[in-house]
Amino acid sequence: MSEHAMNPQLAIQICEQLVMAEHDEEVEAWQYLIDTGLAWQLQGWYGRTAHRLINDGYCTYTGG
């Protein structure tokens, strides 16, 4: 996102579609949640969606 630095609140709002974003910004928000581990700490929908995005090649997971 060029206007705002990604942070947990913004990433969640983009993923929940409370903030309108372009496709690449949505991917960036999901990647942020994956990289910070928040995708696995929030309700199950986040983890399931993150897992699908990783499997589909939109996001990457390098954690252990």
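**Helices α1 and α2, and two residues to look at**

Trainee: In this predicted model, how do the axes of helix α1 and helix α2 cross, and at roughly what angle?

Mentor: The axes of helix α1, residues 8-15, and helix α2, residues 23-36, come within 9 Å and cross at roughly 125°.

Trainee: Why quote those two values for a pair like this?

Mentor: Two packed helices are described by the angle between their axes together with the distance between the axes.

Trainee: And what do you call the orientation of α1 and α2 to each other?

Mentor: Oblique is the word for α1 and α2, because angles over 145 degrees would count as roughly antiparallel and 65 to 115 as roughly perpendicular. As for handedness, the crossing in which α1 passes α2 is left-handed.

Trainee: Which residues make the contact?

Mentor: On the α1 side they are Pro-8, Ala-11, Ile-12, Ile-14 and Cys-15, and on the α2 side Glu-25, Glu-26, Ala-29, Trp-30, Tyr-32 and Leu-33. Sorted by class, the contact of α1 with α2 has 9 nonpolar and 2 charged residues, with no polar ones.

Trainee: Staying on α1, which of its residues are buried?

Mentor: The buried residues of α1 are Leu-10, Ala-11, Ile-14 and Cys-15. They sit on the same side of α1, because the arc they cover around the axis is only 130°.

Trainee: Why would residues with that kind of spacing point the same way?

Mentor: An α-helix has 3.6 residues a turn, so residues three or four places apart point the same way.

Trainee: What do the buried residues of α1 pack against?

Mentor: They pack against α2 and also against α4, which spans 44-55.

Trainee: Switching to Gln-13, is that side chain's residue buried or partly exposed?

Mentor: Gln-13, which is found in helix α1, has a relative accessible area of 25% and is therefore partly exposed, since buried would need under 20%. Leaving aside residues up to four places away in sequence, Gln-13 touches Leu-18 and Val-19. The C-alpha atoms of Gln-13 and Ala-29 are separated by 8.9 Å, although these residues are 16 apart along the chain.

Trainee: Okay, and Tyr-46, where does that one lie?

Mentor: Tyr-46 lies in helix α4, and with a relative accessible area of 4% Tyr-46 is buried.

Trainee: What does Tyr-46 touch?

Mentor: Not counting residues up to four places away in sequence, Tyr-46 touches Ile-12, Cys-15, Glu-16, Trp-30, Leu-33 and Ala-39. For Cys-15, 31 residues apart from Tyr-46 along the chain, the separation of the two C-alpha atoms is 8.6 Å.

Note on methods
Residues numbered from 1 in each chain as written. Predicted model: local features only at pLDDT ≥ 70, side-chain atom pairs only at ≥ 80, totals over all residues. Heavy atoms only, no water. Axes fitted to C-alpha atoms, helices over the stretch in contact; angles between N-to-C directions. Helix = DSSP H or I, 4+ residues; strand = E, 2+ residues; numbered from the N terminus. Parallel < 35°, antiparallel > 145°, perpendicular 65-115°, else oblique. Left-handed = near helix turned anticlockwise from the far one by under 90°. Contact = heavy atoms within 4.5 Å. Nonpolar A, V, L, I, M, F, W, Y, C, P; charged D, E, K, R; others polar. Buried < 20%, exposed > 50% of the residue type's maximum accessible area, 1.4 Å probe, protein only. Arc of directions from axis to C-beta.
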